[in-house]
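This report introduces one protein structure to a reader who has not met it before. It treats in turn a pocket, the salt bridges, a covered helix and some points of backbone geometry.

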Amino acid sequence: MTRTQGRTAPLGVLAAVAGQGTVLVAAGLLVTHPPGGWWDPAEDGLVARLAEHRTAALTTVSSWLSGLAFTPAIVAVTAAVALLLLLRHQPRLAALLAGAVALQAALFVTAAHLVDRARPDVVRLDGALPTSSFPSGHVGAATALYGGLGLLALHRLRGRWRILLCALAWTVPLLVAASRLYRGMHHPTDVLAGALNGAAALWVVARALPARTHRAPAAPAAASPAVPLPVALVYNPVTVDDALLERLCAVLAAHGHRPPRRLPGAAEDSGRAAAERALADGARLVAACGGDGTVTACAEALSGTGATLAVVPCGTGNLLARNLGLPTDPEAALAAALTGRTRRIDLMRAEGDGLPARAAATMAGMGLDAAVMSDTGRALKRRLGWPAYLVAGARHLGDRRFALTVAVDGAEPVHRQVRAAVVGNVGTLQGGVRLLPAAVPDDGRLDLVLVQPHGPRGWGQALLALLTGNRRPGPDAPLEHFPGRRITLTADRAHPRQCDGDPVGEGRTLTLTVRPAALRVRVPAGPAEQPEPVERTERTEQPEPAGQHDRPGRAAVRREVA
């Protein structure tokens with residue numbers, strides 16, 4: 001089920017809670033009473049070794065870490081964060097944190113009573129606690145609370161530091177688990193079960209809470225069209241359901257538009273034929289409802305026609321929406337587009353051996369990034385969202401570097417050993433990470449980054465450069481940048497390639513050419529800008545001559561001359 005669909009029904013929530021509790025208790029009984037002696041119920045080897053190597057300093061640190069997850073600390077932090085969220089009119093997020101902490105606590109108490117596992121047979125630094133060893137309540141509470149705070153930081157904050165804050169929050173449960181083992185309070189399977197209990201509680205409560213509703217802003221009086229603008233919704237039927245389509249139609253109606261045509265995109269062309277059909281039927285505004293593949297397919301159909309694109313993010317990456325400053329919620333994004341302004345942005349033309357020419361709107365490349373895209377399953381992306389790419393990425397960090405020749409705008413080619421090469425029309429990844437700091441979608445040029453770290457130290461330097469934005473130039477840098485209008489990548493052998501997150505097959509070459517000012521797209525109005533009604537600009541727009549989008553626009557020429 002995608003995030004745009006309805007939440008779990010009450011009976012489903014009860015079933016999920018009962019299932020989580022049943023699995024937790026069953027796991028505890030299986031660990032403490034293993035059939036056929038396949039498991040050692042004592043399981044004290046690791047805990048005993050830690051107890052033998054205790055030091056005064058480590059004992060003090062473990063006390064502080066355990067203190068982060070003692071009941072008073074958990075209650076205090078949960079209450080403080082929930083109050084702050086309520087004051088910021090975020091009751092759903094407050095309920096998520098408080099509900100997850102409460103649910104894991106209830107299941108912990110139940111499982112601890114039924115399983116009744118003895119604590120490790122070592123000197124226990126916290127004495128005799130009233131509950132049994134399985135599962136770890138400290139780890140469960142830390143996972144529910146600090147894991148939830150990490151998710152909030154990742155999805156609610158802006159800027160590159162939110163990834164660091166998320167990583168710090170997610171590290172807390174791991175440190176708490178280590179401290180509980182060191183202090184002799186739990187067996188290893190106890191802390192593992194506690195972590196799973198806390199994570200499952202977060203998931204169950206998130207599914208139980210009602211979906212966020214966004215009241216569409218009232219359309220400005222000046223934006224009420226005398227003649228309603230023909231609008232079409234081109235959507236990915238895999239990620240967009242009928243309920244979301246109805247809500248998007250309600251947003252359009254609130255801004256004075258007639259009911260739009262609803263055109264499902266086909267899997268074989270990601271919706272390009274549907275967008276062309278919308279144009280043939282007279283649509284002047286096409287809302288692309290899907291991921292980056294759907295958006296790019298619609299952009300390719302609309303480029304050079306004078307029609308305008310509205311990006312409605314309903315996919316995994318949603319890179320174009322993020323880089324245009326659109327909200328990640330589909331209804332809010334459509335409302336922001338309707339009350340915003342029109343902006344001309346560039347597109348890319350991608351081609352190579354075995355790759356027919358196609359458009360790209362965000363990023364294309366070969367090597368590690370393309371391998372990750374190819375290795376991330378649709379089911380995992382639907383369940384996790386863009387963090388699913390991190391799972392596949394971990395499997396490819398050890399991929400070997402490969403020889404790559406780079407030719408930019410006819411200059412002398414350069415030769416490098418790289419792990420990945422990414423060409424971007426935009427620069428920001430999920431989580432606010434600036435992979436291409438100089439990339440702007442309307443500057444008439446493309447930006448290339450060569451990812452070429454060598455060894456663990458090189459990966460550390462690359463990560464630091466991504467988080468801080470400090471990039472050192474030179475061929476020995478872990479991230480090397482090149483700007484240009486036409487960039488050709490030639491590898492020593494066939495490697496995975498991707499365009500806008502879609503795998504496009506292996507090959508040795510990939511050429512990206514900029515198409516300046518090729519697309520009209522709606523973006524939010526800035527703080528000092530007046531909203532620009534859609535219908536006023538659309539009625540005065542004239543279609544561009546055929547092939548116009550393949551030549552630099554006047555604005556691009558002026559920028560280059562300057």
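Helices and strands are taken here as DSSP runs, a helix having at least four residues and a strand at least two, and both are numbered from the N terminus. The model is a predicted one.

**The second largest pocket**

Rolling a probe the size of a water molecule over the atoms shows where empty space is left. In this model, the second largest pocket holds about 350 Å³ of space. Its lining is made up of 19 residues. Those that lie nearest the centre of the pocket are Ala-69, Thr-71, Phe-108, Gly-137 and His-138. Three helices, α4 (71–87), α5 (91–115) and α6 (137–156), each supply at least two residues of this lining. Of the elements that take part, α5 gives the most, with 5 residues. By character, the lining of this pocket divides into 11 nonpolar, 7 polar and 1 charged residues.

**A nonpolar patch on the surface**

Leu-157, Leu-165 and Leu-168 together make a nonpolar surface patch of about 260 Å². Of these, Leu-168 belongs to helix α7, which covers residues 161–182.

**Salt bridges**

Side chains of opposite charge can pair when their charged atoms come close. Across the whole structure, a search finds 15 salt bridges. Among them are the three pairs in the table below.

| Pair | Closest N to O distance | Relative accessible areas |
|---|---|---|
| Asp-190 and Arg-117 | 2.7 Å | Asp-190 0%, Arg-117 6% |
| Arg-349 and Glu-351 | 3.4 Å | Arg-349 34%, Glu-351 22% |
| Asp-443 and Arg-445 | 3.4 Å | Asp-443 18%, Arg-445 30% |

The side chains of Asp-190 and Arg-117 meet in a salt bridge of 2.7 Å, N to O. This pair links distant parts of the chain, 73 residues apart: Asp-190 is in helix α8 (residues 188–208), and Arg-117 is in the loop between α5 and α6. Asp-190 counts as buried because its relative accessible area is 0%. Arg-117 is also buried, at 6% relative accessibility.

The other two pairs have their own settings. Arg-349 is partly exposed, with a relative accessible area of 34%, and its partner Glu-351 is partly exposed at 22%. In the pair of Asp-443 and Arg-445, Asp-443 is buried at 18% relative accessible area, whereas Arg-445 is partly exposed at 30%.

Salt bridges also link Asp-126, Arg-180 and Arg-183 in a network.

**A covered helix and a buried strand residue**

How many residues of helix α11 are buried? Helix α11 spans residues 292–302, and 11 of its 11 residues are buried. Among the buried residues are Asp-292 and Glu-300, along with Gly-293, Val-295, Cys-298 and Leu-302. Just after α11, Gly-304 takes a positive phi of about 80°.

Thr-342 has its place in strand β5, residues 341–352. The relative accessible area of Thr-342 is 14%, so this residue is classed as buried. Its C-alpha atom is separated by 9.1 Å from that of Leu-309, and these two residues are 33 apart along the chain.

**Points of backbone geometry**

Most residues other than glycine have a negative phi, and most peptide bonds are trans. The model contains exceptions, which are set out here.

Where does the cis peptide bond with omega of about -10° lie? This bond joins Phe-134 and Pro-135. Pro-135 is found in the loop between α5 and α6.

Asp-116 also lies in the loop between α5 and α6. Its phi is near 55°, a positive value in a residue other than glycine. Asp-116 is exposed because its relative accessible area is 58%, which is over the 50% needed for that class.

Ser-270 likewise has a positive phi, near 60°, and is a residue other than glycine. Its place is in the loop between β2 (261–264) and α10 (272–280). With a relative accessible area of 28%, Ser-270 is partly exposed.

Definitions and conventions:
Residues numbered from 1 in each chain as written. Predicted model: local features only at pLDDT ≥ 70, side-chain atom pairs only at ≥ 80, totals over all residues. Heavy atoms only, no water. 1 Å grid on protein atoms, 1.4 Å probe; cavity = no way out; pocket = protein on both sides within 12 Å on 5 of 7 lines; lining within 4 Å. Points joined across faces, edges and corners; volume = space filled by probe spheres on them. Nonpolar A, V, L, I, M, F, W, Y, C, P; charged D, E, K, R; others polar. Patch = residues over 30% accessible without salt bridge, like charges linked within 9 Å, V, L, I, M, F, W, Y side chains within 5 Å. Areas by Shrake-Rupley, 256 points an atom, 1.4 Å probe, with all protein chains shown as cover. Salt bridge = Lys/Arg side-chain N within 4 Å of Asp/Glu carboxyl O. Buried < 20%, exposed > 50% of the residue type's maximum accessible area, 1.4 Å probe, protein only.
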